[in-house]
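Biologist: I should like a close look at a single part of this model. Please take one helix and its surroundings, describe the contacts and charge pairs there, and then place that region within the rest of the chain.

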Amino acid sequence: MSIFIAILGLAVLILLHEAGHFFVARAVGMNPRRFYLGFPPALVKVQRKGIEYGIGAIPLGGYVKIPGMHRPAPSDLDVQLGPALKEDPSLFPKVTRIKRALEAEDMESARAALPELERAIEETDLSPAAAKAAQRGVSELRDAFSDDAYWRQRTWKRVAVIFAGPGVNILFAILFVTVAYLVGAPGDVSRTVSKVQSDSPAASIGLQPGDRIIAVNGRPAPDFDSVATRIRGSDGKPVSVTVMRDGAVKSLGPVRPKKTDGRWILGFEPRLEKRQYGLGGALGHSLDDNWQATKGIITFLPRLVTGEGRKQVSSPVGIVDVSSRAVKLDFPLFLIILGLISLSLAILNLLPLLPLDGGHILFSLIEGVRGRAVGREVYERVSAIGIALFLVLMFIGLSNDINRLGGG
């Protein structure tokens, strides 16, 4: 159940991100064609008012298809309709008519010629692969020629639509952490025992929930750090603990700790002190936590280049693992982690790299200054670099998670 809640939490963050793009696009006059959680092929899909809603089989994120992300170019037809032209050269005059209109930057003539090409493709006997590519190409052109195409919009509208996804993640990062402080966020780790694992050294000496550890091996332990340090530093030698129970001092043990994940432990969980505030205090602490986390993420990113921070990179596997453990330990802690994940998604997406949102914002601003569109081939080359960097990051994170979960 905890793993399910963690996966559901991550899915909700992705859904909120895509919903930001979706609703702002509609608000400024761009009508999205698709709204997916995950990437195609579709597991489930439904059509409503010209918009296809679905759940994709590839659970690496989500996407909203906004019409006409790129200004149509003559070369687009060569790529998209090349297989169909090879199988049926009779399509050539109709394709050429659109290409010449695009070369002359006569969008109205190109749009007027498109229905004739669509009918010709429908009437032509093409192989399934060529027909599918041609139909996809025509659909892309139809979207690019539409009045609500992204490339036709003013710069502020394009930036607003793209920023809306990360913006929603930032808002919910603040909201989740605020709610955690309202209900009681975990604070400092105390010396009071919250839970004792069954069949553990702690259970064998009679340690109980509610016991407050005041000494280890006869040495006073003023905080939990000192308790943990002395147990882990025992090197497996017998350990005794002194606790305060119902106002009385009791000595428990000695007992040999057990080694788990390379650390010596007795097998108990400490209680987390709660920090609970009213709405103003909760919001103030949330804003401060998110600001500190933002600075930490921004200063962490350059360390990936030098290799110093690579061991701290995690993939969705690690995110779900940490989140599921937080669900079991403390729900407000889960909300804080969910908020920080939401913030991380926002900052990652705002990096000025295509195909991330930050890359689209950067190119929209460049095109606004230039007064004309950047060629699709430039987009594709820059996107290839961004995708390669993203895949490397995913590989590092997944390798770290496999090593950590496997005890390596």
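Modeller: The account below begins with one arginine and its helix and then moves outward to the cores, the charge pairs and other parts of the chain. The model is a predicted one.

The residue chosen as the starting point is Arg111, which is found in helix H4, spanning residues 107-123. Its relative accessibility is 27%, so Arg111 counts as partly exposed, the class between the limits of 20% and 50%. Within the helix, the side chain of Arg111 makes a polar contact with the side chain of Glu108 at 3.0 Å. The pair also qualifies as a salt bridge, with the closest N and O atoms of Arg111 and Glu108 3.0 Å apart. Both residues lie in H4, three residues apart, which is about one turn of the helix. An α-helix has 3.6 residues a turn, so residues three or four places apart point the same way. Glu108 has a relative accessibility of 47% and therefore counts as partly exposed.

Arg111 also makes contacts beyond its own helix. When neighbours within four places in sequence are left aside, Arg111 is in contact with Phe145, Ser146 and Asp147. With Phe145 there is a specific approach: the side chain of Arg111 reaches the backbone oxygen of that residue at 2.7 Å. A further spatial relation concerns Leu141, whose C-alpha atom is 8.3 Å from that of Arg111, although the two residues are 30 positions apart along the chain.

Phe145 leads from this arginine to the nonpolar interior. The largest nonpolar core has 26 residues, and the members that touch the most others are Ile98, Leu117, Ile121 and Phe145. At least two residues of this core come from each of helix H2 (74-87), helix H3 (92-103), H4 and helix H5 (128-145). Ile98 illustrates how the parts meet: not counting residues up to four places away in sequence, Ile98 touches Leu77, Ala110, Ala113, Leu114, Leu117 and Phe145. Apart from this core lies another, of 19 residues, with Val193, Val196, Val227 and Val255 among them. In soluble globular proteins, nonpolar side chains tend to be buried together.

Charge pairs also involve H4 and the loop before it. The structure holds 13 salt bridges. In one of them the side chains of Glu105 and Arg71 meet at 3.8 Å, N to O. This pair links distant parts of the chain, with Glu105 in the loop between H3 and H4, Arg71 in the loop between strand S2 (51-65) and H2, and the two positions 34 residues apart. Glu105 counts as exposed because its relative accessibility is 56%, over the 50% limit. Arg71 is partly exposed, with a relative accessible area of 29%. Another salt bridge joins Arg97 and Glu116, whose closest N and O atoms are 3.0 Å apart. Arg97 lies in helix H3 and Glu116 in helix H4, so this pair ties together parts that are 19 residues apart in sequence. Arg97 counts as partly exposed at 46% relative accessibility, and Glu116 is partly exposed with a relative accessible area of 31%.

Other parts of the chain complete the picture. Val227, named above in the second core, is among the buried residues of helix H8 (residues 224-232), together with Phe224, Ser226, Ala228 and Ile231. The cover over the buried residues of H8 includes strand S3 (185-196), strand S4 (212-216), strand S9 (263-265) and strand S10 (268-275). At the N-terminal end of H8, Asp223 acts as a cap, with a side-chain oxygen 3.3 Å from the backbone nitrogen of Asp225.

On the surface, Leu175, Val179, Leu182, Val183 and Leu279 make a nonpolar patch of about 400 Å². Helix H6 (residues 155-183) gives the most to this patch, with four residues. Leu182 has its place in H6 and counts as partly exposed at 31% relative accessibility.

Finally, Ser383 lies in helix H13, which covers residues 376-405. At 15% relative accessibility Ser383 counts as buried, because the value is under 20%. Leaving aside neighbours within four places in sequence, Ser383 is in contact with Leu354 and Pro355.

Definitions and conventions:
Residues numbered from 1 in each chain as written. Predicted model: local features only at pLDDT ≥ 70, side-chain atom pairs only at ≥ 80, totals over all residues. Heavy atoms only, no water. Buried < 20%, exposed > 50% of the residue type's maximum accessible area, 1.4 Å probe, protein only. Contact = heavy atoms within 4.5 Å. Polar contact = N/O pair within 3.5 Å; in protein donor to acceptor, adjacent residues only side chain to side chain. Patch = residues over 30% accessible without salt bridge, like charges linked within 9 Å, V, L, I, M, F, W, Y side chains within 5 Å. Areas by Shrake-Rupley, 256 points an atom, 1.4 Å probe, with all protein chains shown as cover. Salt bridge = Lys/Arg side-chain N within 4 Å of Asp/Glu carboxyl O. Core = buried A, V, L, I, M, F, W, Y, C linked by side-chain atoms within 4.5 Å.
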